[in-house]
Amino acid sequence: MRKDVMNNKVSQFYRIEKHCIRCGFCLDICSWDALDAPGKGRAFTIEEDLCPGCGICVDCCPVGAIQKVGAGEDDAAADR
Ligand code: SF4
Ligand code: SF4
């Protein structure tokens, strides 16, 4: 199933900001095992090769640390 979805790759992915408090909610909710918990004190990361961009983790983050990659860039381009 994962392979099928990855073949229909969506263009928007997500990144995790430094203020991640390492609660692990996103890790538990991601069906794609796309999240990594790096060493102590460091923000979680998302492996883009595994993340199809479903966006489910965004709403589970209590501190709003999961952001869409390129957010705001489309607006900037539209202003040019
Ligand atoms: S956007 Fe979806 S697939 Fe990507 S890390 Fe979040 S829950 Fe996992
Ligand atoms: S849900 Fe948010 S704060 Fe919790 S580990 Fe994931 S990115 Fe970090």
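In the predicted model, Cys-61 is in contact with Phe-25, Cys-26 and Ile-66 when its neighbours within four places in sequence are left aside. Two of these partners, Cys-26 and Ile-66, belong together with Cys-61 to the largest nonpolar core, which has eleven residues in all. The core also takes in Tyr-14, Ala-34, Leu-35, Phe-44, Ile-46, Cys-51, Cys-57 and Ala-65. Buried residues make up 14% of the 80 residues in the chain.

Cys-61 appears again in the surroundings of ligand 2, where 14 residues are found and where the closest are Cys-20, Cys-23, Phe-25, Cys-26 and Cys-61. By class, the shell around ligand 2 consists of twelve nonpolar residues, one polar residue and one charged residue. Ligand 1 is likewise surrounded by 14 residues, the closest of which are Cys-30, Ala-34, Cys-51, Cys-54 and Cys-57. The shell around ligand 1 holds twelve nonpolar and two polar residues, and no charged residue is present in it.

The secondary structure of the chain comprises four helices and four strands, and these elements follow one another from the N terminus in the order α-β-α-β-β-α-β-α. Of the contacts in the chain with a separation of 6 or more, 67% are accounted for by residues 24 or more positions apart.

Confidence in the model varies along the chain, with an average pLDDT of 82 and with 72% of the residues scoring at least 70. Among the elements, helix α2, residues 25-29, has the highest mean pLDDT, at 97, whereas helix α1, residues 2-7, has the lowest, at 46. Over residues 1-11 the pLDDT stays under 50, and the model has six contacts beyond four places in sequence for this stretch. Where pLDDT is low, the predicted coordinates should not be read in detail.

Helix α2 contains Leu-27, which is partly exposed because 16 other C-beta atoms lie within 10 Å, a number between the limit of 12 or fewer for an exposed residue and that of 20 or more for a buried one. Not counting residues up to four places away in sequence, Leu-27 touches Leu-35, Ala-37 and Phe-44. The last of these partners, Phe-44, is 17 residues from Leu-27 along the chain, and their C-alpha atoms are separated by 8.7 Å.

Two residues in the loops on either side of helix α2 have an unusual backbone angle when set against the general pattern. Most residues other than glycine have a negative phi. In Arg-22, however, phi is positive, near 60°, and this residue is placed in the loop between β1, residues 14-16, and α2. Arg-22 counts as partly exposed because it has 15 C-beta neighbours inside 10 Å. Asp-33 also has a positive phi, near 50°, and lies in the loop between α2 and β2, the latter spanning residues 35-36. Asp-33 is exposed, since there are 11 other C-beta atoms within 10 Å.

The loop between α2 and β2 also contains Ser-31, which is exposed because 11 other C-beta atoms lie within 10 Å. Although Ser-31 and Cys-54 are 23 residues apart in sequence, their C-alpha atoms are 9.6 Å apart in space.

The loop between β3 and α3 contains Leu-50, a residue that is partly exposed because 14 other C-beta atoms lie within 10 Å. Leaving aside neighbours within four places in sequence, Leu-50 is in contact with Trp-32, Asp-33 and Ala-34. From C-alpha to C-alpha, Leu-50 is 8.6 Å from Leu-35, a residue 15 places away in sequence. Gly-55 is also placed in the loop that runs between β3, residues 45-46, and α3, residues 56-60. With 14 C-beta neighbours inside 10 Å, Gly-55 is therefore counted as partly exposed. The C-alpha atoms of Gly-55 and Ile-66 are 9.1 Å apart in space, and the two residues are eleven residues apart in sequence. Ile-66, one of the contact partners of Cys-61, is also one of the residues of the largest nonpolar core.

Notes. Residues are numbered from 1 along each chain as its sequence is written. Chains are lettered from A and ligands numbered from 1 in the order in which they are written. This is a predicted model: local features need pLDDT of at least 70, side-chain atom pairs count only at pLDDT 80 or more; totals for chains, interfaces and linings use all residues. A nonpolar core is a set of buried Ala, Val, Leu, Ile, Met, Phe, Trp, Tyr and Cys residues joined through C-beta atoms within 7 Å. Two residues are in contact if their C-beta atoms, placed from the backbone, lie within 7 Å. A residue is near a molecule or strand if its C-beta atom, placed from the backbone, lies within 6 Å of it. Ala, Val, Leu, Ile, Met, Phe, Trp, Tyr, Cys and Pro count as nonpolar, Asp, Glu, Lys and Arg as charged, and the others, Gly among them, as polar. pLDDT is the predictor's confidence in each residue, from 0 to 100.
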